[in-house]
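This report looks at selected strands, helices and cavities of one protein chain. Please keep the sequence and the model at hand while reading.

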Amino acid sequence: MKTWNCRVMGAMALAALAFVPGTGTAVAQGQSEDSAEKLAERFGTRSSVLDVSLSPSGSKLAWIAPGANHTEVLNVFDLDGDGGIKQIASNSERIGDLEYCEWATDTRLICEVVGMTRTADNVLIPFSRMFAINSDGSDPLAMNRRQRSRALGFNQYGGDVVALDVAGEEGEILITRNYIPERQLGTRMANQKDGLGVDRFDVVDGKRKPAEAPDERATSYLADENGALRLKVRSLVDGTGLLTGERVFMVRAPDESGWSRLGDVTLDGQTISGFSPVAVDARSNTVFAYINVDGYRSVIQIPLDGSGTAKLVAGRDDVDVDRLIRIGRQRRVVGVSYATEKRSVEYFDEELASLAVGLGNALPNQPLINIAGANTDESRLLIIASSDTDPGTVYLYDKGTRQLEVLLAMRDFLVDHPMGSMKPISYPAKDGTEIPGYLTLPAGSEGENLPAIVLPHGGPAARDFWGFDWLVQFFTARGYAVMQPNYRGSSGYGEAWFGRNGYQAWDVAIGDVNDAGRWMVSQGIADPEKLAIVGWSYGGYAALLSQVTAPDLFKAVVAVAPVTDLEFLRDDARNYTNFRFRDRQLGTGPHIAAGSPRRHATRFSAPVALFHGDLDLNVSVRHSRSMADALRDEGKQVQYVEFEELQHDLGDNKARSEMLASIDEFLTDALSR
């Protein structure tokens with residue numbers, strides 16, 4: 001059995017940045033004509049800043065930018081000098097992406113490449129590898145131990161950084177290490193250790209020494225802000241090697257080496273379980289953890305001294321805590337965010353709360369403010385400000401001088417391009433339930449009798465947010481009104497809204513999606529003869545199922561990497577240790593056949609366009625291949641485009657641009673009949 005993580009790359013990126021040395025201002029590389037082809041290229045190109053990091057002193061900036069098509073480049077800029085941008089490394093591996101780079105010291109960076117490969121028996125295996133490199137591009141160093149030929153398995157993961165700073169040790173970090181047992185035949189030197197451990201790694205000379213012995217059940221470790229290991233998560237398996245979903249938490253004091261099991265934890269006098277530890281705070285000797293309170297995800301602090309009495313830190317009775325906000329090299333916990341109509345942050349730190357309000361009021365159009373990085377003493381902060389109509393700008397804020405400096409545009413090719421405003425709305429479902437969502441109209445449009453698209457999100461354990469969305473803005477640039485429903489089965493609105501999830505209760509979720517289209521027509525926004533549905537992943541599943549449940553509603557269907565058969569989804573998980581999770585998520589019963597669009601191709605009346613990458617671990621490419629075959633067998637209109645060596649997110653400039661151009665042509669033809 002192979003272990004896997006479902007990691008969807010959220011960053012969508014674009015071509016090289018133009019940078020004005022000295023001012024740090026990103027400038028557009030010329031305006032493009034607003035033809036369909038040019039718009040597809042501009043919106044399909046990935047984000048100009050895929051990842052950004054500030055050095056410990058706050059004097060240097062590093063960021064990953066996209067090169068041509070599927071490449072990434074690592075840039076460094078001296079904020080206090082005049083040497084200009086230095087491109088110090090690049091990645092051209094098509095099956096792997098340069099995902100992040102962080103400063104280990106002021107002259108040394110550590111980076112991770114994440115990718116996907118295929119075994120001889122056609123099983124997809126994700127992998128990661130790490131390397132260190134000087135800020136001038138010299139002395140690159142692979143951080144992964146070479147795997148020997150006698151190893152009894154494939155070392156998928158190159159390690160995760162547990163702590164960037166180890167107290168009193170310049171240039172040493174804590175990094176997890178996956179131990180793979182080896183064959184003993186003919187040697188006494190074979191490694192027999194198994195499981196996940198932690199090493200102290202010197203980023204300069206590559207020397208490492210064990211900080212924590214491997215544990216075959218360990219899945220993660222947490223260190224406090226001083227670089228001391230404080231918590232270990234052990235995930236239990238059954239006799240066949242499948243994860244059961246049960247976890248055991250081991251804790252220890254900062255000056256001890258042994259582990260002890262975390263005892264019973266109570267909240268408001270009740271024993272609790274099912275919490276997920278996120279961060280350890282040495283000052284309070286507690287661990288921050290997510291847990292559901294009265295049906296909504298909240299944050300608690302659990303003491304590590306054995307007293308067992310947790311404290312509620314943050315929670316609401318209308319939406320879930322979206323995420324824990326952490327900044328700086330020590331990943332200090334400073335607040336939580338909630339997503340209602342728009343995302344808001346509740347800071348625990350009064351200084352940061354005041355700063356965020358001030359910046360939000362001072363910058364144009366009161367954008368969302370995200371503290372994306374900080375130097376060691378947090379005197380310099382990286383700020384990203386963005387909105388629904390602004391892809392975002394990276395700023396440097398200096399607390400001492402109180403100056404805010406423009407650094408980078410998040411999407412350089414879209415600077416000053418007119419965007420449609422995203423408006424939070426709600427609409428009634430068939431049973432009267434009000435469904436939240438977002439409506440985006442073309443810039444300057446009053447929203448009357450337009451060609452329109454319903455765009456259900458993926459997941460289903462996800463939701464749409466107010467903010468910039470490259471797919472939405474491409475469609476509005478082409479004249480479509482776009483509706484994004486947060487249908488029942490979406491996450492973020494509590495357990496009751498999530499219900500039995502969008503697979504077991506697919507009829508409720510798809511009913512809400514269909515009602516979004518009916519509402520657009522009833523309000524006079526959408527021309528009923530020019531109403532389409534477009535979706536990615538579960539959204540593509542919803543788009544296809546809309547033809548099964550309401551074949552006359554949408555006049556064109558676009559599905560990117562869609563689920564098409566629920567039994568395929570279950571069967572595809574059998575090669576991985578998380579099979580039980582997928583099995584429980586899907587359940588059994590008549591909803592499996594009824595909710596598998598591949599089995600109901602005869603119901604389709606609208607033309608269908610399918611797109612899929614052949615290295616998709618989230619949803620196997622066979623879903624689209626089989627759906628296309630089923631539609632062709634029934635004489636239905638279908639076109640299918642497959643992208644070689646691309647994963648679920650189709651993270652490639654050329655592929656995304658080609659896909660957008662193809663979708664635009666398909667919709668133009670289908671909606672003009």
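In this predicted model, β32 and β33 form a hairpin with five residues between them, and Gly432 in the turn has a positive phi of about 95°. The two strands of the hairpin, β32 (residues 422-428) and β33 (residues 434-440), run antiparallel and are joined by seven bridges. Within this pairing, Pro428 stands opposite Glu434 in β33.

Strands of a sheet pair through backbone hydrogen bonds, in either a parallel or an antiparallel manner. Two open sheets can be described in these terms. One has four strands in the order β7-β8-β9-β10, with antiparallel pairing; its edge strands, each of which pairs on one side only, are β7 (96-103) and β10 (141-142). The other open sheet also consists of four strands, here in the order β15-β16-β17-β18, and its pairing is antiparallel; at its edges lie β15 (218-223) and β18 (260-261), each pairing on one side only.

Particular bridge partners can be located in both sheets. Phe131 has Ala142 in β10 as its bridge partner, while the partner of Ser235 is Arg247 in β17. The table sets out the strand pairs concerned, together with the hairpin pair.

| Strand pair | Bridges | Direction |
|---|---|---|
| β32 (residues 422-428) and β33 (residues 434-440) | seven bridges | antiparallel |
| β16 (residues 229-237) and β17 (residues 243-251) | six bridges | antiparallel |
| β9 (residues 124-134) and β10 | two bridges | antiparallel |

Turning to the helices, the axes of α6 (residues 506-522) and α7 (residues 538-549) come within 9 Å and cross at roughly 85°. Because of this crossing angle, α6 counts as roughly perpendicular to α7. On the α6 side the contact is made by Trp506, Ala509, Ile510, Val513 and Asn514, and on the α7 side by Tyr538, Tyr541, Ala542, Leu545, Ser546 and Thr549. Sorted by class, the contact between α6 and α7 has eight nonpolar and three polar residues, with no charged residues.

Finally, how many cavities of 30 Å³ or more does the structure hold? There are two of them, and the second largest has a volume of about 50 Å³. The lining of the second largest cavity is made up of His70, Arg94, Ile95, Asp97, Leu615, Glu645, Leu646, Gln647, Asp649, Leu650 and Gly651. By class, that lining has four nonpolar, three polar and four charged residues, whereas the contact of α6 with α7 has no charged residues.

Note on methods
Residues numbered from 1 in each chain as written. Predicted model: local features only at pLDDT ≥ 70, side-chain atom pairs only at ≥ 80, totals over all residues. Heavy atoms only, no water. Pairing = 2+ DSSP bridges. Axes fitted to C-alpha atoms, helices over the stretch in contact; angles between N-to-C directions. Parallel < 35°, antiparallel > 145°, perpendicular 65-115°, else oblique. Contact = heavy atoms within 4.5 Å. Nonpolar A, V, L, I, M, F, W, Y, C, P; charged D, E, K, R; others polar. 1 Å grid on protein atoms, 1.4 Å probe; cavity = no way out; pocket = protein on both sides within 12 Å on 5 of 7 lines; lining within 4 Å. Points joined across faces, edges and corners; volume = space filled by probe spheres on them.
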